[in-house]
Amino acid sequence: SNYFVWGTELLLHRASSPAAVVFKKGSSAHPTSARMLTGLGAALYAGGSYEEAASELCRASDLEPGNAAPYVFLGKMEITAAIALSCAEEKLARFLQQQPGNAQANYYFAMVLSKQGREAKDPADAQRAQELLDRAVAIDSKLGEAYLQLGILYAGQGANDRAIAAYSKAIEVTPNLSEAHYRLSQLYKRIGEKAKADKEMQVYIQVQKSEADEVERQRREVQQFQIILKAPPPR
C-alpha cells in the first residue's frame, strides 16, 4: 500500500523515473501484485520506455487475467506506439476473448488489427477491425474514439457519407475530440463543402487552444492511470 501511494504520488508530479524505482521495489517486495506491476508499467510509459512498460503490463495481465486495468494501459500504449508492441496482440486478444462484452476490449483489439492491416495491407484485418469497432459502439454508444476510428476506416474506403456520419457521431458524444473535427474538416474540403470544412476547422482550432499544454495533458493521463489502478477488479 505504501509503495503504491508513494509511486502514484510521484507519477502525479511527473517524476516518472523515481516512480519507476519505487514500483520496481514494490514489485520485488510483492511479486504477485498485478497492481504494482501495472503501476510500474504506467511509470515506464510516462518516461517513454514503451517496450519495457508493455512487458510489465503483460506480466501484470498474466497475474490477474480478469483485471481490465493492465489491458487498458496496454491498449493505450499500442495506439500511441510507432510500432507494434511485442506482447500486445496476444494479451489484448485474451482481453477480448475473456470479456467480449467489454467495449474497450473490442476497441483496443480493433486498433491492433487496424495497425496490422495498414502495415501488411491486408483487407481482412481492416474488415475485422471494423466489425470490432461496430461492436464497441453498440456496447458503449458514448465511445467517441471508436466512432472516430470507424470514420477513418470509412474515409479510407471512399465511403464519404458513412465517414461523415461516424465523425459527426464522435463529435456528438465527445465534443472536444479534436482529431474528429480536423478529419471531418478535411473530408468536407475534399468533397467541396467549403463552408462546412471551414466551420469544423474553426472548431478544431478552438478545441486545440482550449486544451491544456502538454505537461497538463500528461498529468491528466497519469490521473486516469490512478483511477484505473484504484478501481477494483471486475467480478
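In this predicted model, a helix is a DSSP run (H or I) of at least four residues, and helices are numbered from the N terminus.

**View 1. A salt bridge within helix α12 joins aspartate 198 and lysine 194**. The N to O distance between the two side chains is 2.8 Å. Helix α12 spans residues 194-210, and because aspartate 198 and lysine 194 stand four residues apart in it, about one helical turn separates them. Lysine 194 is exposed, with a relative accessible area of 58%, whereas aspartate 198 is partly exposed at 34%.

**View 2. Glutamate 131 and arginine 128 form a salt bridge in helix α8**. Their side chains meet at 3.8 Å, N to O. The two residues are three apart in helix α8 (residues 123-139), which puts about one helical turn between them. Both partners are partly exposed: glutamate 131 has a relative accessible area of 39%, and arginine 128 has one of 32%.

**View 3. A salt bridge links aspartate 62 of helix α4 to lysine 91 of helix α6**. The closest N and O atoms of the pair are 2.9 Å apart. Aspartate 62 belongs to helix α4 (residues 50-63) and lysine 91 to helix α6 (residues 88-98), so the salt bridge ties together parts 29 residues apart in sequence. Lysine 91 is buried, with a relative accessible area of 7%, while aspartate 62 is partly exposed at 40%. Both residues belong to a network of salt bridges that also includes Glu90 and Arg94. The count for the model comes to 10 salt bridges.

**View 4. Leucine 74 is a member of the largest nonpolar core**. This core has 67 residues, of which Leu74, Met77, Leu92 and Tyr107 touch the most other members. Helix α7 (residues 103-120) gives the most to the core, with nine residues. Leaving aside residues up to four places away in sequence, leucine 74 touches Ala54, Leu57, Cys58, Ala88, Lys91 and Leu92.

**View 5. Tyrosine 107 and tyrosine 108 form an aromatic pair**. The model has five aromatic pairs by count. In this one, the ring centres are 5.1 Å apart and the planes meet at 55 degrees, so the pair is tilted. Tyrosine 107 is buried, with a relative accessible area of 7%; tyrosine 108 is also buried, at 5%.

**View 6. Arginine 35 lies over the face of phenylalanine 4**. The distance from arginine 35 to the ring centre of phenylalanine 4 is 3.8 Å.

Note on methods:
Residues are numbered from 1 along each chain as its sequence is written. This is a predicted model: local features need pLDDT of at least 70, side-chain atom pairs count only at pLDDT 80 or more; totals for chains, interfaces and linings use all residues. Side-chain values use heavy atoms; hydrogens and water are left out. Rings of Phe, Tyr and Trp (its six-membered ring) pair if their centres lie within 6.5 Å; planes under 30 degrees apart count as stacked, over 60 as edge-to-face and the rest as tilted. Buried means under 20% relative accessible area, exposed over 50%, partly exposed in between (1.4 Å probe, protein chains only). A charge sits over a ring if NZ of Lys or CZ of Arg is within 6 Å of the ring centre and within 35 degrees of the ring normal. A nonpolar core is a set of buried Ala, Val, Leu, Ile, Met, Phe, Trp, Tyr and Cys residues joined through side-chain atoms within 4.5 Å. Contact means heavy atoms within 4.5 Å. A salt bridge is a side-chain nitrogen of Lys or Arg within 4 Å of a carboxyl oxygen of Asp or Glu.
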